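Q: Please take a close look at the surroundings of the ligand in this model, and then at how some of the helices pack. I am a first-year student, so a careful, connected explanation would help.

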Amino acid sequence: MGELSISIRGLYKNYGETRALDGIDLDISSGEIFGILGPNGSGKTTLLRIICSILEPTIGYVSVNGLNVIEKPLIVKEISGYVPETPVLYESLTPMEFLTFIGSVRRIEANVLSTRVQRFAEAFEIMDKMDNFIGSLSFGTKQKVAIISALIHDPQIIILDEAMNGLDPRSARILKNLLINYALAGRTIIFSTHVLEVAESVCNRMAIIYRGKIVDVGTFKEMKEKSGSSDAKLEDIFLKMTGDTDLTSIVNSLGETMNH
Ligand code: ADP
Ligand code: MG
């Protein structure tokens, strides 16, 4: 495992009366594919947006590769790539035009940019879609364009919010392999999901977040050992860690997963 990359201490976030994050402490190293796992409304998106300096904390300290996200938001944005839960793309541009635009915003040299766009389009198998209007593309293809746009400047920190959701199994596999390569190259990857199987298959280590608090953190193996049952599934650990609370609502919000 690499050096400490992300450090979070005493992090709280309120939206008016709603407390979305309720005292988060977390360290993530470079080379990790770190999962943030929790049901809908548990605070995953809020946490990710604070890490990439899009949203300010109410209280707390967050540093990314040594940069305080409140003091250095522009540099944090430069070194990170963020795939939002609902990506915003320009429907009347083609992927080629959109990625060229993002590349110029990121000040990537033209020939470097064109090579990268080509490589990503090949990797994600969207070569034949590069000149169609984004508005006409399937959800999965739009998702791939959003992922490419977040990776095009070769970021040190890669933050993906529920990025597997719209992808077919083959594309999900491509993304997973890509993330593994980034991790091996010493990048830091943070990945949120409410889908247990995704966390289990993609992440080295994960935090289970529930109602704005981290209820468990570790590798799947460590979580299994702690749960005291060698054949425990992540689902069992998850339900146990979120404990005596309202199980019905958790099970309902994860129902989508369990039916698959
Ligand atoms: P998750 O990504 O795990 O679904 P979120 O971070 O989106 O969770 O939301 C955490 C909590 O904060 C939820 O109760 C949600 O309703 C609330 N919330 C999120 N964004 C806002 C906002 N912009 N204004 C008010 N409440 C919000
Ligand atoms: Mg979310």
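A: In this predicted model, a backbone N or O atom of Gly-41 lies 2.6 Å from an oxygen atom of ligand 1, and a backbone N or O atom of Gly-43 is placed 3.0 Å from an oxygen atom of ligand 1. With Thr-46 it is the side chain that takes part, since one of its N or O atoms is 2.5 Å from an oxygen atom of the ligand. Taken alone, ligand 1 exposes 560 Å², and the protein buries 59% of that area.

These three residues belong to a longer list, for the residues that surround ligand 1 are Tyr-15, Thr-18, Ala-20, Pro-39, Asn-40, Gly-41, Ser-42, Gly-43, Lys-44, Thr-45 and Thr-46. Sorted by character, this shell holds three nonpolar residues, seven polar ones and one charged one. The elements that give two or more residues to the shell are β2, which spans residues 18-29, and α1, which spans residues 44-51. Of the elements, α1 provides the largest share, with three residues.

We can now turn from the ligand to the packing of helices. Two packed helices are described by the angle between their axes and by the distance between those axes. Helix α3, made of residues 95-105, packs with helix α5, made of residues 139-151, at an angle of about 25 degrees, and their axes are 10 Å apart. Angles under 35 degrees count as roughly parallel, and α3 and α5 are therefore roughly parallel to each other. The crossing in which α3 passes α5 is right-handed.

A second pair is formed by helix α8, residues 220-227, and helix α9, residues 234-241, whose axes come within 10 Å and cross at roughly 60 degrees. That angle makes α8 oblique to α9. As for its handedness, the crossing of α8 and α9 is left-handed, whereas that of α3 and α5 is right-handed.

How values were computed
Residues are numbered from 1 along each chain as its sequence is written. Chains are lettered from A and ligands numbered from 1 in the order in which they are written. This is a predicted model: local features need pLDDT of at least 70, side-chain atom pairs count only at pLDDT 80 or more; totals for chains, interfaces and linings use all residues. Side-chain values use heavy atoms; hydrogens and water are left out. A residue is near a molecule or strand if one of its heavy atoms lies within 4 Å of it. A polar contact is a pair of N or O atoms within 3.5 Å; within protein, one must be able to donate a hydrogen and the other to accept it, and residues adjacent in sequence count only if both atoms are side-chain atoms. Accessible areas come from the Shrake-Rupley method with a 1.4 Å probe; for residues, only the protein chains shown count as cover. Helices (H or I, at least four residues) and strands (E, at least two) are DSSP runs, numbered from the N terminus. Ala, Val, Leu, Ile, Met, Phe, Trp, Tyr, Cys and Pro count as nonpolar, Asp, Glu, Lys and Arg as charged, and the others, Gly among them, as polar. Axes are lines fitted to C-alpha atoms, for helices over the stretch in contact, and angles run from 0 to 180 degrees between N-to-C directions. Angles under 35 degrees count as roughly parallel, over 145 as roughly antiparallel, 65 to 115 as roughly perpendicular and the rest as oblique. A crossing is left-handed if the near helix is turned anticlockwise from the far one by less than a right angle, and right-handed if clockwise.
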